[in-house]
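This report describes one chain, beginning with its contacts and overall make-up and then turning to its sheet, the helices that lie across that sheet, and one side chain.

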Amino acid sequence: MAQQGQLMITPHIAQNSFSGFVSSSLDDILGKLLEGDLDFAQDAENSTMHNLHAFPAKYPPALPRLFIQHLTQPGEVVLDPMVGSGTTVLEAIRIDRHGIGVDVDPLALLLAQVKAAPPDPTRAFQSGSSVCNRAYLMLQRERPSLRREMRRRFDDRTLDFLDYWFARETQEELVALLLQIETEPDPEIRQFLRLCFSGIIVTKSGGVSLAMDLAHTRPHKVERKTPRPAIEEFAKRLRKNVASIQQTGRSPGQAAILCADARALPLRDNSVHLIITSPPYAANAIDYMRAHKFSLVWFGYPIDRLSSRRKEYVGQEASQYDLPLPLPESAQQVIQRVCEADARKAKVLERYYQDMTRVMREAYRVLLPGRCAVFVVASSRLRGIDTRADLCLSEIAQTVGFRVAGVGTRCIRRDRRMMPASRHLDNSSVIEQRMHQEYVIGLIK
């Protein structure tokens, strides 16, 4: 299991010579891109690899592709310091750039790793089919041993979690699958099979668990739900994901997926040609760990450790700093307005902008002079007050040294971004008021 700072794929972080663009023209290019249509409403995803696993708030692949194509050349390095579903890295390596993805979320790292280095599809299908057959045999012949394996593998609190959210028969099927996946010697195939395993749990319908709405990070238990057979669902997911790999094939660029914090990047100064990323919402509007723990517990993460890991995420309410950094006037004013309505929410917002100041500072450090960074952000509403993410993050970027080339806007397509919002704005819902528009902030170092 990846630990913080662990390199999961052989990296290619070698600094390429700055070439191809006259830096003064990048302002114009970036500005024109930001003025264009960023909705991509008619743009179909040109790779099913982006759908290997459900992930909330993915931006459309066409968005990073647009900036990568126009702001870099083949062989240059594209960084996503909060890699999430791996969309930026996959789009970079598909057009012969080198992609670096950084995250602290174990499921995000697994997904990005498989996208960046998919296994041979024929061998992956053969291995996955064999896993299904052997798991069926275990269920028929060794069912009591599966319960003993559950007690050996999980602590009491994790077992309580599994007993609450998974039917007993489903638990036995899942542990049988897991035992067989772990025998696969090829690490690329084994990671791919683990992703297929996770993909039958973290879905909008809650997959084989007793939960609903996992993909939107809003799980709730449905007592009358009848989960589908886990091994059967795994076989379906296997076929679907193998077909996606066959359709896409290997990408020409190289990728490195790093388990690290965007506030302390393990990269050299001036080593990246372009940054494209989408930070989390303020005030934990989308709680990734709330859904991801449903599959991560099966991979050996005790439930209590996952709760601790969650506190490391950018924008989490638990983050605290002994030495806070100065925030720009706009952020201070928004925090003050929220404070007048709710002091606790104001502290949450202040911590978020403190986190993002550190993220921006690291982005500036690793980016080559004259090159661009693109942050896709959205506002939250706290006690009815707009957090003004576009304005505050633009000014925070300026305080660390960036120039703002422009701020574009785009409408969020609910179906494509897996957002917990309905098709039409519901002004009575706080969560929906946050999630129908986002901003694309273009920065120059």
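Of the contacts in the chain with a separation of 6 or more, 78% are between residues 24 or more positions apart, where contact means heavy atoms within 4.5 Å. This is a predicted model, in which local features need pLDDT of at least 70 and side-chain atom pairs count only at pLDDT 80 or more, while totals for chains, interfaces and linings use all residues. Residues are numbered from 1 along each chain as its sequence is written, and side-chain values use heavy atoms, with hydrogens and water left out.

The chain has 17 helices and 11 strands, these being DSSP runs numbered from the N terminus (helices H or I, at least four residues; strands E, at least two). Of the 445 residues in the chain, 60% are buried, a term for under 20% relative accessible area, with exposed meaning over 50% and partly exposed in between (1.4 Å probe, protein chains only).

An open sheet of 7 strands follows the order β5-β2-β1-β6-β7-β11-β10 with mixed pairing, where two strands pair if DSSP finds at least two bridges between them. Its edge strands, β5 (255-259) and β10 (403-411), each pair on one side only, and the twist from one strand to the next averages 15 degrees. The table lists three of the pairings together with a bridge in each.

| Strands | Sense | Bridges | Bridge partners |
|---|---|---|---|
| β2 and β5 | parallel | 5 bridges | Gly-99 and Ala-255 |
| β6 and β7 | parallel | 5 bridges | Ile-275 and Ala-373 |
| β7 and β11 | antiparallel | 6 bridges | Val-377 and Tyr-439 |

Strand β7, which appears in two of these rows, is mostly covered, with 10 of its 11 residues buried.

Two helices lie across parts of the sheet. Helix α3 (residues 87-94) lies across β1 (77-80), β2, β5 and β6 (272-277) and runs at about 170 degrees to β2, whereas helix α15 (residues 389-399) lies across β7 (367-377), β10 and β11 (437-444) and runs at about 15 degrees to β11. Such angles run from 0 to 180 degrees between N-to-C directions, the axes being lines fitted to C-alpha atoms, for helices over the stretch in contact.

Edge strand β10 also holds Arg-410, which counts as buried because its relative accessibility is 3%. The side chain of Arg-410 reaches the backbone oxygen of Leu-38 at 2.7 Å and the backbone oxygen of Asp-39 at 3.3 Å.

Terms used:
Polar contact = N/O pair within 3.5 Å; in protein donor to acceptor, adjacent residues only side chain to side chain.
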